[in-house]
Amino acid sequence: MAEVQVTGEFGADVDEVWKLVSDFGGLLESMGVPVELSGPEGIGQERTITMGPEPTVERLEEIDNDAHRLVYSIQSGPLPVSNYMGTMQLSAIGEGRTKVEWSATFDPAAGFPEADAVSIVSGVYNAGIGALQGRFGA
């Protein structure tokens, strides 16, 4: 099983950042990514990301408002991974500062080199953190 962990910092209060991160559809929409939500709000809700060669469907697995943690899985999509479980964890690191730890575990697709899958997922995370830094400051 492969693992990825990317961290970043934002120039905003943890509750302000969490308000956006915890909005399962709003987080991606704020980055200009087209997304459609389906199912009941909360655990089990799915978001379909309609960009790229084929849609990616992700499912909300866990949300903990007190701990500022969101866990999601990928149900289907073009990434060369299976058994993907991603976590976004926010923590306050001082007055008006937030740290994000974005991590995942997954199996690379059959015949796909693990290092390449790790590089692709890391690239997605770094781009996402960069977009959030553009909104909240670094």
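1. Just after helix α3, G137 takes a positive phi of about 90°. This is a predicted model, and the points below should be read with that in mind.

2. Helix α3 spans residues 114-136. The helix has 23 residues, and its first and last C-alpha atoms are 33 Å apart, close to the 33 Å expected at 1.5 Å a residue. Its buried residues are A117, V121, S122, Y125, G128, I129, L132 and F136. The cover over these buried residues includes two helices, α1 (14-21) and α2 (26-30), as well as the strands β1 (2-10), β5 (69-76), β6 and β7.

3. Ahead of α3, F112 sits in the loop that links β7 (98-108) to the helix. F112 is partly exposed, because its relative accessible area of 31% falls between the limits of 20% and 50%. Together with I120 and V124, F112 makes a nonpolar surface patch of about 210 Å².

4. Strands β2 and β3 are the next item. β2 covers residues 35-38 and β3 covers residues 46-49; the two run antiparallel and are joined by 4 bridges. One pairing to look for in the model is that of S38 with its bridge partner E46 in β3.

5. β3 also pairs with β4 (residues 56-64), again in the antiparallel sense and over 4 bridges. Here T48 has V57 in β4 as its bridge partner. The two strands form a hairpin with 6 residues between them, and G52 in the turn has a positive phi of about 90°.

6. Positive phi values also occur in residues other than glycine. H68 has a phi near 55°; this residue lies in the loop between β4 and β5. N83 has a phi near 50°, and its place is in strand β6. As to accessibility, H68 is buried at 13%, whereas N83 is exposed at 54%. The assignments follow from the cut-offs, because buried means under 20% and exposed means over 50%.

7. Which residue is 22 places from H68 in sequence but 5.3 Å away in space, C-alpha to C-alpha? That residue is L90, which lies in strand β6. L90 has a relative accessibility of 2% and so counts as buried. Leaving aside neighbours within four places in sequence, L90 is in contact with V14, V17, W18, V21, A67, H68, T98, K99 and V100. H68 is thus listed among the contacts of L90.

8. T87 is a further residue of strand β6, which covers residues 81-92. Is T87 buried or exposed? T87 is buried, because its relative accessible area of 18% is under the 20% limit. With neighbours within four places in sequence left aside, its contacts are R69, L70, V71, Y72, E101, W102 and S103.

9. R69, one of the contacts of T87, also takes part in salt bridges. Its side chain meets that of E62 at 2.9 Å, N to O. A further salt bridge joins R69 to D64, at 3.6 Å, N to O. Through these shared partners, E62, D64 and R69 are joined into one network. R69 counts as partly exposed at 25% relative accessibility, as does E62 at 30%. D64 is also partly exposed, with a relative accessible area of 24%.

10. How many salt bridges does the model contain? The count comes to 6. Among them is the one between R59 and E61, whose closest N and O atoms are 2.6 Å apart. R59 is partly exposed, with a relative accessible area of 26%, and E61 is partly exposed at 27%.

Methods:
Residues numbered from 1 in each chain as written. Predicted model: local features only at pLDDT ≥ 70, side-chain atom pairs only at ≥ 80, totals over all residues. Heavy atoms only, no water. Buried < 20%, exposed > 50% of the residue type's maximum accessible area, 1.4 Å probe, protein only. Contact = heavy atoms within 4.5 Å. Patch = residues over 30% accessible without salt bridge, like charges linked within 9 Å, V, L, I, M, F, W, Y side chains within 5 Å. Areas by Shrake-Rupley, 256 points an atom, 1.4 Å probe, with all protein chains shown as cover. Salt bridge = Lys/Arg side-chain N within 4 Å of Asp/Glu carboxyl O. Expected span 1.5 Å × (residues − 1). Pairing = 2+ DSSP bridges.
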